[in-house]
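Here are a few exercises to work through with the model open beside you. Try each task before reading the solution below it.

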Amino acid sequence: MPLTLVHARYQLLETLRIPVAVVGSAFFPAAAMLFFVVPFAGDDPTGATYATAAMVTFAVMSANIFQYGVGVAEDRDQPWNPYTRTLPAGPGPRLAGRILAGLVLTYLSMLPVVVIAAVATAARVTPVGLLLGAATVAVVSVPFTLLGLAIGYSLPSKAAIVVAQVIFFPLAFGGGLLSAPGDAPGFIQTIAPFLPTRGAVELMWAAVGDWRPDPLALAMLGVWIVLLATVSGWAYRRDEGRRFS
């Protein structure tokens with residue numbers, strides 16, 4: 001555990017030394033709140049609450065896909081990274097520290113969304129719902145962490161940036177994050193349950209309101225977690241083999 005905390009502190013310091021990295025992951029969800037949620041659903045307590053939960057999921061996805069997808073790929077290009085792999089502690093504390101630091105940054109990236117919802121909309125949540133929502137953030141970050149790791153360990157940094165950007169908005173739009181529950185276009189409602197974003201936002205809606213998650217969306221979220229864990233593990237082992245062959 002102490003080694004994990006050391007690696008997490010290092011990752012946090014590296015990120016916070018470039019504040020724009022933190023601002024960037026929080027900007028799009030906050031902008032979406034200001035331009036789409038506040039004017040159109042801000043006066044509806046139920047609609048604003050669900051929209052805020054969707055924007056929190058948007059922030060979680062943004063923070064993890066770009067942080068791991070781009071960050072890991074860039075770290076692999078640095079001479080410090082191969083050195084850390086030779087240390088006797090092994091890869092466990094290093095990876096756990098990265099994930100712990102990523103979770104801290106994920107919570108930071110969603111704070112603007114929560115503040116905007118509190119001061120500019122009629123969104124309401126009980127103290128229990130707020131705690132459940134905060135805990136659910138850690139759960140729904142899992143598939144996007146794995147997706148980011150799969151990108152970061154599979155691709156060079158320039159390609160990782162492009163891939164992260166290309167898949168980000170289709171996942172958000174296709175999963176129904178940019179529309180109210182049940183109000184998405186027909187083709188979105190058809191494909192949404194098969195995307196990890198839908199299962200994630202369904203869990204967030206259930207945490208802060210009376211929403212009943214779609215069993216298909218939750219089942220597919222589990223499938224995505226297993227699939228992405230397999231791909232990210234394979235990519236990591238392949239990268240390890242290349243560096244030490």
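## Exercise 1: The overall fold

Reading along the sequence, you meet the pattern α-α-α-α-α-α-α-α-α-α. Please keep in mind that this is a predicted model.

**Task.** Describe the secondary structure, burial and surface of the chain.

**Solution.** Start with the elements: the chain has 10 helices and 0 strands. Next, turn to burial: of the 245 residues, 46% are buried. Then look at how the contacts are spread: among those between residues at least 6 apart in sequence, 80% join residues at least 24 apart. Finish with the surface, where about 12,100 Å² is exposed and carbon and sulfur atoms supply 73% of that area.

## Exercise 2: The nonpolar cores

**Task.** Find the largest nonpolar core and say which helix gives the most to this core.

**Solution.** The largest core holds 43 residues, and those with the most contacts inside it are M33, M55, V56, M61 and I65. Now trace which elements build this core: two or more residues come from each of α2 (19–41), α3 (45–76), α5 (91–120), α6 (127–154), α7 (157–174) and α9 (196–208). Of these, α3 gives the most, with 14 residues.

Take I65 as a sample. Setting aside residues up to four places away in sequence, I65 touches V70, F144, L147, G148, A164, F168 and L171. There is also a second, separate core of 6 residues, with L149, Y153, A235 and Y236 among them.

## Exercise 3: Two partners of α3

**Task.** How are the axes of α3 and α6 placed, and how are those of α3 and α9?

**Solution.** A reminder helps here: two packed helices are described by the angle between their axes and the distance between the axes.

Step one is α3 with α6. Their axes come within 7 Å and cross at roughly 30 degrees. Because angles under 35 degrees count as roughly parallel, α3 is roughly parallel to α6. The crossing of this pair, α3 and α6, is right-handed. On the α3 side, the residues that meet α6 include V60, N64, I65 and Y68, while the α6 side includes V140, F144, T145 and G148.

Step two is α3 with α9. Here the axes come within 9 Å and cross at roughly 135 degrees. α3 and α9 are therefore oblique to each other. The crossing of α3 and α9 is right-handed. Among the residues of α3 that meet α9 are Y50, A53 and T57, and among those of α9 are A200, M204 and W205.

## Exercise 4: Two residues up close

**Task.** Is T145 buried or exposed? Which residues does T145 touch, not counting those up to four places away in sequence?

**Solution.** Locate T145 in helix α6. Its relative accessibility is 7%, and buried means under 20%, so T145 counts as buried. Leaving out residues up to four places away in sequence, T145 touches N64, Y68 and I99.

**Task.** Is S157 buried or exposed, and how far apart in space are S157 and D77, C-alpha to C-alpha?

**Solution.** S157 is found in helix α7. With a relative accessible area of 14%, S157 is buried. Along the sequence, S157 and D77 are 80 residues apart, yet their C-alpha atoms are 7.7 Å apart in space. To finish, check the contacts: leaving aside neighbours within four places in sequence, S157 is in contact with A73, E74 and D77.

Conventions:
Residues numbered from 1 in each chain as written. Predicted model: local features only at pLDDT ≥ 70, side-chain atom pairs only at ≥ 80, totals over all residues. Heavy atoms only, no water. Helix = DSSP H or I, 4+ residues; strand = E, 2+ residues; numbered from the N terminus. Buried < 20%, exposed > 50% of the residue type's maximum accessible area, 1.4 Å probe, protein only. Contact = heavy atoms within 4.5 Å. Areas by Shrake-Rupley, 256 points an atom, 1.4 Å probe, with all protein chains shown as cover. Core = buried A, V, L, I, M, F, W, Y, C linked by side-chain atoms within 4.5 Å. Axes fitted to C-alpha atoms, helices over the stretch in contact; angles between N-to-C directions. Parallel < 35°, antiparallel > 145°, perpendicular 65-115°, else oblique. Left-handed = near helix turned anticlockwise from the far one by under 90°.
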